[in-house]
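Dear colleague,

I am handing over the structure we discussed, and my notes on it follow below. Please read them with the model open beside you.

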Amino acid sequence: MRLLNARFTAIYWLILMALFTPLLATELPKLPVLTENDQLIGNFIQKKKLATFPIELTSKGHFKLNLHEGVHWVTESPIASELRLSTTALQSYSNDRQVLNMAARTQPMVAMVAEIFTAVLSGDWNALEAFFHTETSTTSQGWHVEMTPRDKAAARIAHAIHFDGEQFVKQVTLYEPSGDQTRILFESIQLEPYRASSRH
Amino acid sequence: MLPAATEKATESRQWQKYIAVLWGLVLVALSGLLGIKLYAGNTIDTSLMALFPNQQHNPIIQRAEQNLAARYSQRLLILVGSPKDSVARRHAIALGETLQTLTHVDQVNWQLGDFAESATSNAFFSRYRFHLLNASTAQEITQANTGLIRDRALQALFNPVGSGYSSALLTRDPFAIAQQNLTGKSHIPGLTFDGKMVKLANHQKTYYLVFVTIEGDPYDLDVQHQIIGAIDQAKTSTTNTPVEWLTAGLIVHAAQGARQAQWEISTIGVGSLLGIALLMLLTFRRVTALWLTLLPIASGCLVATAISMLVFHKVHLIAFAFGATIIGVSIDYALHYLCARSSQPCAAETLKRLLPSLLLGMMTSILAYSAQAITPFPGLKQMALFSATGLLAAGLTVICWFPLLTGGKHWQSSPPAFILIARLRPRWRLVRITPVAKTWLLLGCFALGGSLFFLRGQDDIRLLQTSPKTLIEQDIKVQHVLRQSGTGSFLLVKADTIERLLQHEETLSRELSILRQQNFISTYDALSRHVPSAKKQKENVQLIHQLYALELDRFYSQAQLPDTLSDQALSELQAAEKQHLTFYEWLKSPVSADDRYLWLGQLDGHRYSLITLTDADAPATQAALKQMAAKYAWATFVNRVDTLSELLGNYRKHMTLWVLIAVALAIVIMILRYQSAVWRIITPSLMGSSVALLLINSIAGGINLFHMMGLLLVLGVGLDMGIFLHDASHRKETWAAVTLSTLTSLLAFGLLALSKTPVLHHFGLAVLLGLSTTWLITPLMRYEAGMKPPQKEFMK
């Protein structure tokens with residue numbers, strides 16, 4: 001699980017990075033500067049196409065990102081769950097009950113996430129290129145980025161990750177080795193002034 | 001010369017020739033035998049266990065130690081640390097890549113075996129996912145905390161990416177039990193994976209692991225040179241950057257030992273050889289004299305090795321090494337002969353005059369050394385035979401060959417060095433024994449003898465460790481952070497069947513888990529953690545049934561999945577539960593490669609296994625483990641440090657006792673010859689030994705086996721000294737011989753006191769202190785000029 005979580009967070013940041021990427025064809029997109037006074041919020045719809053059953057699992061929720069608390073990824077339906085990632089800890093909650101808690105002090109993976117986080121915010125693609133090959137192209141609607149893993153460990157998580165976007169990213173698709181496909185659609189992303197979170 | 005005398009001389013010369021040829025034939029025959037023995041191979045024993053008396057010789061403990069040693073000897077763990085993550089990572093990768101190209105490196109891993117995931121191992125563990133249910137999930141079920149398991153599974157299902165939950169799991173293993181089982185395997189705090197590498201971090205530093213499996217013998221100098229050389233090179237490349245290198249593995253210590261030995265051979269060894277050669281050449285001014293002094297030692301070692309191998313089949317390396325040094329005493333015989341020859345016109349006459357002293361000296365020494373043969377310790381028995389036969393052969397070489405080899409007229413010349421040595425002899429001596437002197441002497445002896453009762457034994461094996469403290473501390477640190485089990489102590493479990501064995505282990509596991517919670521130990525490893533007993537596996541499957549009954553329907557409904565999946569999941573559970581994991585299937589599978597050493601096999605109808613412990617060295621922990629094992633007839637707690645220290649102590653006690661008995665016997669024999677004058681012969685060596693013991697006791701904090709071995713040498717040389725001096729009425733040639741023999745022994749063995757290898761240092765210290773004191777006291781025992789020493793002429 002730890003191994004998978006480490007991978008997960010790496011890709012997770014990748015998606016976030018892509019989320020805040022404005023349209024810039026053929027070149028790796030430049031990222032907006034997130035200051036201490038801002039935070040990014042938005043909604044998502046996730047559709048997971050299963051390889052073994054003719055079923056599509058759909059979940060919905062919202063997310064928030066700022067420099068103080070990191071990212072909150074909140075799934076609202078069909079289950080209620082929340083994932084919090086910051087430079088000091090990784091915590092996940094289900095029905096307000098903590099399911100997972102890893103401190104950066106004992107889990108350096110959390111510190112690594114923070115590193116990638118900084119890399120993303122400062123537009124440092126080198127950190128991510130350690131894990132993935134990147135290919136960027138322009139489409140009639142906007143831009144398309146395809147990422148393929150460099151090593152076997154990363155390939156165990158996904159064969160490929162595709163990003164599509166116009167001004168912001170619109171959709172991320174993950175092709176998993178099991179044959180499952182996860183598509184995340186983003187909606188109403190906006191930059192707003194930072195407000196301290198009330199919980200935790 | 002009269003014709004009759006000439007005839008007689010020719011006749012005796014003839015005789016001497018026969019004897020010399022005969023002795024030569026014996027030596028040739030024995031070297032032939034030795035050659036055959038050596039050709040057959042496997043005649044030197046190096047196992048420490050071979051030194052235990054037979055009753056204490058436990059083959060299962062031996063097997064356990066072999067398994068642990070094999071594991072430790074082929075592994076090399078390197079942690080590369082730096083405050084900057086990227087710096088540590090870069091250096092670790094660079095080192096790993098360099099090591100990978102070496103011929104003596106089998107493989108370089110970036111992960112410890114336990115964490116290496118592969119498709120085969122995943123398939124294997126996935127097949128037995130329910131039987132191998134891990135302890136923490138099992139606890140969640142028994143403590144009615146199944147909601148948590150469901151929530152975790154749901155979250156994994158809906159996580160956007162990378163939770164490892166694929167749709168194939170939905171009916172096969174909806175609660176991702178297989179994944180949980182794998183998670184439970186790594187319990188190293190601070191350890192994570194960064195890419196393919198294992199990474200460890202604390203407050204200040206990040207460490208990356210390079211895990212090397214060595215191809216070849218870690219004691220092989222080539223192997224050491226290649227691997228340690230590469231690491232040293234990497235280290236020197238970072239001297240100016242704050243990079244920390246931590247290493248653990250037998251090869252590091254072996255290389256350090258070899259380096260130390262090489263350094264000491266090139267300093268102490270060469271120094272003592274040069275010293276002895278220079279001494280001989282300056283004294284006798286003849287190269288042949290140097291060869292002659294070495295000849296008895298060489299032939300003594302040859303005969304001793306051949307006979308020991310005939311008698312014992314295998315000679316222990318330690319017996320060989322110390323036996324050979326004791327044979328070094330025989331340099332005395334050659335020196336006394338050569339010194340006596342220098343003032344004698346005839347070689348045969350020289351031998352005739354020297355023979356009584358030579359025989360008596362040999363007899364007492366052989367007696368002293370062979371006394372150890374009666375002890376129950378195989379090592380001492382071998383040493384006894386080795387040194388006794390060696391001394392005998394060395395003496396015979398002098399008797400049989402020297403008169404012929406020194407027939408030339410030029411051997412009769414008193415070298416100027418003799419006069420110098422005689423001049424340097426202290427002028428003071430014990431004149432006449434007045435009642436006052438007697439009282440003082442007796443009082444002194446009592447004081448010295450009494451103080452011997454305050455000597456302490458110091459047998460802690462850890463004090464004899466060759467490696468420097470920093471290396472040992474690194475080893476402990478690496479083993480601690482990576483939770484590698486130590487080899488110092490372990491538990492043995494015994495049962496009639498495998499199932500029983502695993503059940504016994506599970507009983508101990510419950511107690512060990514408590515000890516772990518109480519921080520007595522960091523962790524432990526046992527077979528049953530990899531293959532639970534059939535009983536336990538059945539219980540685990542029952543727990544899964546319990547989990548399904550409570551949570552399965554809720555899981556599907558919350559995920560908005562069709563409830564038909566529920567029936568499918570149950571039938572897959574029923575299919576999986578039919579076949580549990582058997583011990584032998586696990587043992588044969590490649591997944592057990594890293595853990596097979598825990599299995600010790602069968603002996604006399606019993607099955608045995610090993611439980612390893614991590615961070616179990618604290619005295620409180622040792623006591624707790626001892627207490628725990630004592631509760632069960634089938635469990636044994638083995639502490640190698642204690643066992644080895646106890647062994648050393650027993651050897652020391654036996655050695656001391658038998659040395660005392662041997663000295664007493666030697667005194668009895670000498671009384672037959674010297675009557676009341678015997679005190680003049682034995683006092684120097686006894687006082688020398690006592691003074692040495694007292695000094696060592698205060699310097700080293702106690703006496704150990706190797707001090708006693710040194711004293712054995714002191715007694716041998718010291719008694720010879722007394723006998724020869726007494727018989728020759730303290731003539732200047734004899735004094736020169738005694739001084740030369742002391743100096744050569746001090747150069748050969750006393751210099752070892754400078755060694756950093758503890759065993760050699762202790763041995764050398766005893767020789768240095770004992771022999772020099774003996775030599776200083778000896779001139780005191782001279783008679784006044786004109787006073788005839790009393791002695792029985794029992795040899796004519």
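Helices (H or I, at least four residues) and strands (E, at least two) are taken here as DSSP runs, numbered from the N terminus. On that basis chain B has 29 helices and 13 strands. This is a predicted model, in which local features need pLDDT of at least 70 and side-chain atom pairs count only at pLDDT 80 or more, while totals for chains, interfaces and linings use all residues. Residues are numbered from 1 along each chain as its sequence is written, and chains are lettered from A and ligands numbered from 1 in the order in which they are written.

As to overall form, the radius of gyration of chain B, taken over C-alpha atoms, is 35 Å, well over the 28 Å that the globule rule (2.2 Å times the number of residues to the power 0.38) gives for 796 residues, so the chain is more spread out than a compact globule. Its C-alpha atoms fill a box of roughly 130 × 55 × 50 Å along the principal axes.

One helix pair is worth opening: H26 (residues 678-700) and H29 (residues 758-777), both of chain B, pack at about 140° with axes 8 Å apart, where axes are lines fitted to C-alpha atoms, for helices over the stretch in contact, and angles run from 0 to 180 degrees between N-to-C directions. That makes H26(B) oblique to H29(B) (angles under 35 degrees count as roughly parallel, over 145 as roughly antiparallel, 65 to 115 as roughly perpendicular and the rest as oblique).

Best regards
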